[in-house]
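The questions below ask, for one structure, why certain terms apply to certain parts. Each reply sets a value against the cut-off that the term requires.

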Amino acid sequence: MWRNIRIAILLLFLGIAAYSNWYDRLSTTDWDETLYIGVFPIDDSDNEVAHDYIARLTPDRIADIEQFLNREARRYGITISRPVRVDLYPPVVEKPPERASGAGALQNMWGSLKLRMYARRAVRESGMPPPQIRIFVRYHDPSFTKSVPHSVGMQKGLVGVVHAFADRSMTRTNNVVIAHEILHTLGASDKYDPETLMPLFPVGYAEPELDPLHPQTLAEVMAGRYAIDSRTFEMPATLDEVLVGAATALEIGWTHP
Ligand SMILES: [Zn+2]
């Protein structure tokens, strides 16, 4: 009898999780009303540089993320006046839970649950209305951290964790990464080769129709880089050099098969 009750409870939880994932996916990719996205800065270095950078962050520093997403949505025929709205939230003191590396399915589930609970706490403490998508940006001091861990964006839970640099000259490049992770939360997949980081052809090319094909000068957002020739590639400096490709537009519901 206890065994049956335990199984029933487990099934109930799995059912709730499946329903909320289904509902989240539906409500974030139907594009019939504005999608609210919150950017939460986090001082990752615990020093003056990162602290000052975050203290000086103003909404206009992240404004190009919303401009980019809305410009591209319009290009794909989304007609509502403001498809996404990206707001800057107050800094979060608590750091997101670390992801266990090489973890199994159960640990992954536990990790994602911890991240969701963390995101709820952060939103509650901000005192602002809860956004549908929550992106936590961990700012590192570039003089201590030369390379940062991988950023992630999860469609299940609608949460992203971005690693970025606390440097004025990096602000617009950070925004390219933030836009990439936002699109992961909407169901977009990566479009580069994980071994070589080369953009995949044709899906990872902003302009796969160009003739000659190289050099490309714009990057597909989920490829993150553009190909100069078949072996070399470059990162875009700003979102002005980035497009949402046809495959990504299909994945996030801007177009339909
Ligand atoms: Zn990615």
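Q: What makes a space in this predicted model a pocket, and how much space lies in the largest pocket?
A: A pocket is an open set of grid points with protein on both sides within 12 Å along at least five of seven lines, and its volume is the space filled by probe spheres set on those points. In this predicted model, the largest pocket holds about 1,500 Å³ of space. Its lining is made up of 47 residues, and those closest to its centre are Met-109, Ser-112, Leu-113, Lys-114 and Arg-116.

Q: Which elements give two or more residues to the lining of the largest pocket, and which gives the largest share?
A: Two or more lining residues come from each of helix 1 (2–28), helix 4 (105–126), strand 3 (133–140), strand 4 (152–154) and strand 5 (159–165). The largest share is that of helix 4, with 14 residues. By class, the lining of the largest pocket consists of 23 nonpolar, 14 polar and 10 charged residues.

Q: How is the second largest pocket lined, and how much space lies in it?
A: About 660 Å³ of space lies in the second largest pocket, which is lined by 25 residues, with His-150, Ser-151, Val-177, Arg-225 and Met-235 closest to its centre. Strand 5 and helix 5 are the elements that give two or more residues to this lining, and helix 5 gives the most, with seven residues. Sorted by class, the lining of the second largest pocket has 13 nonpolar, nine polar and three charged residues.

Q: Why do His-180, His-184 and Asp-190 count as donor residues of the zinc ion?
A: A donor is an N, O or S atom within 2.8 Å of a metal such as zinc. The NE2 atoms of His-180 and His-184 and the OD of Asp-190 coordinate the zinc ion at 2.1 Å, so these atoms meet the cut-off. Water is not among the atoms, so the site may look incomplete. In sequence, the donor residues follow the spacing H-x3-H-x5-D.

Q: Where do His-180 and His-184 lie, and are they buried or exposed?
A: Both His-180 and His-184 belong to helix 5 (residues 171–185), where they are four residues apart, about one turn of the helix. Both histidines are buried, a term that requires a relative accessible area under 20%.

Q: How do you know that Arg-172 and Asp-64 form a salt bridge?
A: A salt bridge requires a side-chain nitrogen of Lys or Arg within 4 Å of a carboxyl oxygen of Asp or Glu. The side chains of Arg-172 and Asp-64 meet at 3.3 Å, N to O, so the pair satisfies the criterion. The pair links distant parts of the chain, with Arg-172 in helix 5 and Asp-64 in helix 3 (residues 59–75), 108 residues apart.

Q: Why is Arg-172 called partly exposed and Asp-64 buried?
A: Arg-172 has a relative accessible area of 36%, and because partly exposed covers values between 20% and 50%, the term applies to Arg-172. Asp-64, with a relative accessible area of 10%, is called buried because its value is under 20%.

Q: What makes the pairing of Arg-172 with Asp-240 a salt bridge, and which parts does it tie together?
A: The side chains of Arg-172 and Asp-240 meet at 3.6 Å, N to O, which is within the 4 Å cut-off. Arg-172 lies in helix 5 and Asp-240 in the loop between strand 8 (233–234) and strand 9 (242–243), so the pair ties together parts that are 68 residues apart in sequence. Asp-240 is called exposed because its relative accessibility of 54% is over 50%.

Q: What makes the link between Thr-238 and Asp-240 a polar contact?
A: The side chain of Thr-238 reaches the backbone nitrogen of Asp-240 at 3.0 Å, a value within the 3.5 Å that a polar contact allows. Thr-238 is placed in the loop between strand 8 and strand 9, and counts as buried because its relative accessibility of 13% is under 20%.

Methods:
Residues numbered from 1 in each chain as written. Predicted model: local features only at pLDDT ≥ 70, side-chain atom pairs only at ≥ 80, totals over all residues. Heavy atoms only, no water. Donors = N, O, S within 2.8 Å, 3.2 Å for Na, K, Ca; no water. Buried < 20%, exposed > 50% of the residue type's maximum accessible area, 1.4 Å probe, protein only. 1 Å grid on protein atoms, 1.4 Å probe; cavity = no way out; pocket = protein on both sides within 12 Å on 5 of 7 lines; lining within 4 Å. Nonpolar A, V, L, I, M, F, W, Y, C, P; charged D, E, K, R; others polar. Polar contact = N/O pair within 3.5 Å; in protein donor to acceptor, adjacent residues only side chain to side chain.
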